[in-house]
Every structure is written in C-alpha cells, then in structure tokens.
Amino acid sequence: MTPVPTLAPTTPVTVRLLKAPRPDVEYPATVLHDDGDHVAIRAPWFGDAPRDMGFAVFEPGDVWIEHFWRTRWFSIKEVRAADGTVKGWYCDVTRPAKVTADPAPGSRIEVSDLDLDLWLSGDLTSVLRLDEDEFDPSGLAAREPETAARATASLDELEAMARAGGFKALLAW
C-alpha cells in the first residue's frame, strides 16, 4: 500500500468546497494536524459580514477548527467566537476529502458537498438536521443511489454522535 502524503502542521492550505450546481467556496486555512486520514485545520470565518443562520450567527472574528477525513463521508467544523466561546459544530455530509500535499501550486483540501448538514449547539442541547429539503430535489438518489444512501447514513451517524454527547472523541488527535 502506498503511503498517503500528509500535511505538516502550520502548512498553509486552500480549502475548496465543491457545491455543484451552486458556486464553489474556497478559502485559506492553516493545518493543525494530519495523520493520513484525519486532517484538522484552522480558518477564520470567510464572510465580510455577519450571517444569521437562524440557529447561530457566523461573523467576522469567528474561528473555525475544521476536521476532514479521507475515509469518512462528512466534515465537522467547530465554530468559536472571537473570545473563544464555542458556538457549536457545523457538520457537512460530503464525499471523503481529497488532500493534495504539493508546495508548488499549494496544498489543497477538496470536498464535495452532498446537501445534508447537521448543527450541534455549543451547549450540546440542540441538534438540527439541515438542508434535507435540498437533498431530495438534487436528484442524487436517482443519479447515484449508493452515494445517496451513504449520505443519509452519514447524516444519521452524525446525529447519533451529537445526541450521545458530541464529537469530542472523534475530533481528538
């Protein structure tokens, strides 16, 4: 088995969220950890203005500690206010991350968003399944039934972990 190239701590990395058919989102981050499967990065909130999501407000000064896996079908983003207070964890159901360790064009993390999300509040009292209304009309179940099944199973897995006390064990490194 060929060893997986890993990203060293403090390496600058570009994160790209593939959101077809919507525009992709790309932003800079710094690597905190990479063990060949689990990659953790630190990134500031990339918006210029506060964004009220209904369950939390994301705003300039917020810091996101984002966790990606090369083998899991989701990413988990711990959201902290500028003062360090945990606002919560935003979870995206995605295809497994593609990580490129290349200094020439720059190291990258790419994930394909599968239109299902989950929010766990910082006090662990609120678990919200998000964007299920976008998943059905996306047509993924008709085009790629196995992928759609993985996506819904991943959302169920995230919800079970959230209701069982959060993601602490999974996010540790």
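Which residue of β10 does Asp92 stand opposite? The tour below leads to the answer; the model on display is a predicted one.

**Stop 1: the strands around β8**

Select β8, residues 86–94. This strand is mostly covered, since eight of its nine residues are buried. Add β10, residues 107–121. β8 and β10 run antiparallel and are joined by seven bridges. Now display Asp92 and look across to β10: the residue standing opposite is Asp117.

Next, select strand β7, residues 74–80, which pairs with β8 in the antiparallel sense over seven bridges. Ile76 can be found opposite Cys91 of β8. Follow the chain from β7 into β8 through the hairpin, where five residues lie between the strands. Within this hairpin, Gly84 takes a positive phi near 95°.

**Stop 2: from β10 to β11**

Return to β10 and add strand β11, residues 127–130. These two strands run antiparallel, joined by four bridges. Select Leu118 and Arg129 together, because Leu118 stands opposite Arg129 in β11. The hairpin of β10 and β11 also has five residues between the strands, and here Leu124 takes a positive phi near 65°.

**Stop 3: the aromatic rings**

Show the aromatic side chains. The whole structure contains 12 aromatic pairs. Begin with Phe55 and Phe58: their ring centres are 6.4 Å apart and their planes stand at 75°, an angle over 60 degrees, so the pair is edge-to-face. Phe55 is partly exposed, with 24% relative accessibility, whereas Phe58 is buried at a relative accessible area of 2%.

Keep Phe55 selected and add Tyr90. How far apart are the ring centres of Phe55 and Tyr90? The separation is 6.3 Å, and the planes lie at 25°, which is under 30 degrees, so this pair is stacked. The pair links distant parts of the chain, 35 residues apart: Phe55 belongs to the loop between β4 (51–52) and β5 (57–58), and Tyr90 to strand β8. Tyr90 counts as buried because its relative accessibility, 11%, is under 20%.

To view the wider group, select Tyr27, Trp45, Phe46, Phe55, Phe58, Trp64, Tyr90 and Trp119, which ring pairs link into a cluster. Then move to Trp69 and Arg72. The charged end of Arg72 sits over the ring of Trp69, 5.9 Å from the ring centre.

**Stop 4: the largest pocket**

Switch to a surface view and locate the largest pocket, whose volume is about 550 Å³. Its lining has 26 residues, and those closest to the centre are Lys19, Arg51, Met53, Tyr90 and Asp92. Tyr90 has already appeared in the stacked pair with Phe55, and Asp92 opposite Asp117. Colour the elements that give two or more residues to this lining: β2 (25–34), β3 (38–44), β6 (63–69), β8 and β10. The largest share, three residues, comes from β10. By class, the lining has 14 nonpolar, 11 charged and one polar residue.

**Stop 5: the second largest pocket**

Finally, turn to the second largest pocket, with a volume of about 240 Å³. Of its 15 lining residues, Ala20, Pro21, Asp113, Asp115 and Arg143 are the closest to the centre. Which element gives the most to this lining? It is β10, with four residues. Select α2 (140–143) as well, since β10 and α2 each supply at least two lining residues. The classes here are six nonpolar, seven charged and two polar residues.

Definitions and conventions. Residues are numbered from 1 along each chain as its sequence is written. This is a predicted model: local features need pLDDT of at least 70, side-chain atom pairs count only at pLDDT 80 or more; totals for chains, interfaces and linings use all residues. Side-chain values use heavy atoms; hydrogens and water are left out. On a 1 Å grid over the protein atoms alone, a cavity is a set of points where a 1.4 Å probe fits but cannot get out, and a pocket is an open set with protein on both sides within 12 Å along at least five of seven lines; lining residues have an atom within 4 Å of a point. Grid points are joined across faces, edges and corners, and a volume is the space filled by probe spheres set on the points. Ala, Val, Leu, Ile, Met, Phe, Trp, Tyr, Cys and Pro count as nonpolar, Asp, Glu, Lys and Arg as charged, and the others, Gly among them, as polar. Two strands pair if DSSP finds at least two bridges between them. Rings of Phe, Tyr and Trp (its six-membered ring) pair if their centres lie within 6.5 Å; planes under 30 degrees apart count as stacked, over 60 as edge-to-face and the rest as tilted. Buried means under 20% relative accessible area, exposed over 50%, partly exposed in between (1.4 Å probe, protein chains only). A charge sits over a ring if NZ of Lys or CZ of Arg is within 6 Å of the ring centre and within 35 degrees of the ring normal.
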